[in-house]
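Here is a short briefing for someone opening this entry for the first time. Look over the sequence and the structure, then read on by topic.

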Amino acid sequence: MKPMKYLPVFLLLTACTQAPKKDRLIMTKPFGNFESQAVTEYTLINQQGMELSVINYGGAVTRLLVPDKNGEQGDVVAGFDSLAGYLQKGNPYFGALIGRYGNRIDKAGFTLDDHPYQLDANDHGNSLHGGNKGYDKVYWQITKLPGDSSLKLTYKSKDGEGGYPGNLDIEVMYTLGSDNSWRIDYKATTDKPTPVNLTQHAYFNLSAGSEPTILNHNLQIDAEKYTPVDSLLIPIGRVDGVTAALDFRNAKPVGRDIAQVAGGYDHNWVLNKHDASLRKVAILSHAASGRGMEVWTTEPGLQFYSGNFLDGTLSHTKNGKPYIQHAALCLEAQHFPDSPNQPSFPGTILRPGQVYTQTTIYKFINIQ
Ligand code: BGC
């Protein structure tokens, strides 16, 4: 036996077995170029071997490895295998940061301090997720923070971008906790009054590829009310009690009543006990894998979107799998859609001298 023949294998094995021993780790990998800037994929790894990967483009989370009931890691977020996937027309905001205003603003306009503002109309005459080039389509600077469990993402949004007033300085921290939590802390300041509503658009499927849809997932949302919408998904201004189909106060399978909701779930639930403190507001679970996910937030609303517009046509998907309708779902913690035009909704206007903050945590648990 020639020892040299086995040396590379030995080194590889040593490298593989040593990596998880380190408490925390951040790895980087080139991920292409966007607007002449290098895009890097950063991967945070915790002591349980959970991994969270993020790219500069859109601050998008490209991969989230979470253990199942047997400790097997599986990727629970929808995404693409290359930057080309993220850049494709019709990328439905996979894993991205959303702003300046998450969800829709009626007729792409609002009046603030007696001044009318016109936004990009990118959704049937309304403005969705910040307009034509929302924060999902910009380059975020990423910095590794000491301790190797957090990344800081920053973006300076210019006065007038997408039609919004004021230069907005944004800082988002992604932290991978040793308790298998992905924590997102947002902070923003402005030099002119402006609406701000930031959120994260990860699409989850806790089966990690073993089930093509999320219809068998159980969901519980701590909300008695929701904001009814018109046919273009603009709130009609009321806050109503949840209908039977929208009642998730007790956990139920996503697919149980979905046929009763025209188009599928795409609504804002008015979360109970909103006082801007961090509280648990929802639990998603998938019995077969034993994976569960708690959602904690400081926000008053939760947009539960059941992946209704996915239709299997996206290219560059991970492992070439088609993302068919309901392949994955979003639980976007945020203020209510169209708040700048709805005086009765919690306010979303940030003024110079104030600091916008929001925190949301997706915490992964074993449900068995
Ligand atoms: C919205 C959906 C929209 C989707 C885009 C969600 O936040 O509520 O209506 O189609 O984002 O992928």
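His129 has a polar side-chain atom 3.0 Å from an oxygen atom of the ligand. The model is predicted. Taken alone, the ligand exposes 310 Å², and the protein buries 95% of that. The whole structure also holds 16 salt bridges and 24 aromatic pairs.

**Around the ligand**

- The ligand has 13 residues around it. Arg104, His201, Tyr203, Asp266 and Glu332 come nearest.
- Arg104 places a polar side-chain atom 2.8 Å from an oxygen atom of the ligand.
- Gln303 also has a polar side-chain atom by a ligand oxygen, at 3.2 Å.
- Tyr203 links this topic to the next: this residue is among those nearest the ligand, and Tyr203 also belongs to an aromatic cluster.

**Aromatic contacts**

- A search of the whole structure finds 24 aromatic pairs. One of them joins Phe94 and Tyr203 edge-to-face, with 4.7 Å from centre to centre and 70 degrees between the planes.
- Which parts of the chain does this pair tie together? Phe94 lies in the loop between helix H2 (83–87) and strand E6 (97–98). Tyr203 lies in the loop between strand E16 (199–200) and strand E17 (218–221). The two residues are 109 residues apart in sequence, so the pair ties together distant stretches.
- Are Phe94 and Tyr203 buried or exposed? Both are buried.
- Tyr203 pairs with Tyr305 as well, again edge-to-face. Here the ring centres are 6.1 Å apart and the planes stand at 80 degrees.
- This second pair also links distant parts of the chain. Tyr203 sits in the loop between E16 and E17, while Tyr305 is in strand E24 (residues 301–305), 102 residues apart.
- Tyr305 is buried, like Tyr203.
- Phe94, Tyr203 and Tyr305 belong to one aromatic cluster. Its other members are Phe31, Phe80, Tyr86, Phe309 and Tyr323.

**A charge over a ring**

- Lys252 has its charged end over the ring of Phe248. The distance to the ring centre is 4.6 Å.

**Salt bridges**

- The structure holds 16 salt bridges. Three of them follow, starting with Lys280 and Glu294.
- Lys280 and Glu294 have their closest N and O atoms 3.6 Å apart. Lys280 lies in strand E22 (residues 279–286) and Glu294 in strand E23 (residues 291–297). The pair therefore ties together parts that are 14 residues apart in sequence.
- How exposed are these two partners? Lys280 is partly exposed, with a relative accessible area of 35%. Glu294 is buried, at 9%. Glu294 counts as buried because its value is under 20%.
- Lys107 bridges to Asp106, with 3.4 Å between the closest N and O atoms. Lys107 is exposed, with a relative accessible area of 60%. Asp106 is partly exposed, at 23%.
- Asp240 and Arg238 also meet through their side chains, at 2.8 Å from N to O. Arg238 counts as partly exposed, with 47% relative accessibility.

Note on methods: Residues numbered from 1 in each chain as written. Heavy atoms only, no water. Salt bridge = Lys/Arg side-chain N within 4 Å of Asp/Glu carboxyl O. Buried < 20%, exposed > 50% of the residue type's maximum accessible area, 1.4 Å probe, protein only. Helix = DSSP H or I, 4+ residues; strand = E, 2+ residues; numbered from the N terminus. Phe/Tyr/Trp six-rings, centres within 6.5 Å; stacked < 30°, edge-to-face > 60°. Lys NZ or Arg CZ within 6 Å of the ring centre and 35° of its normal. Near = heavy atom within 4 Å. Polar contact = N/O pair within 3.5 Å; in protein donor to acceptor, adjacent residues only side chain to side chain. Areas by Shrake-Rupley, 256 points an atom, 1.4 Å probe, with all protein chains shown as cover.
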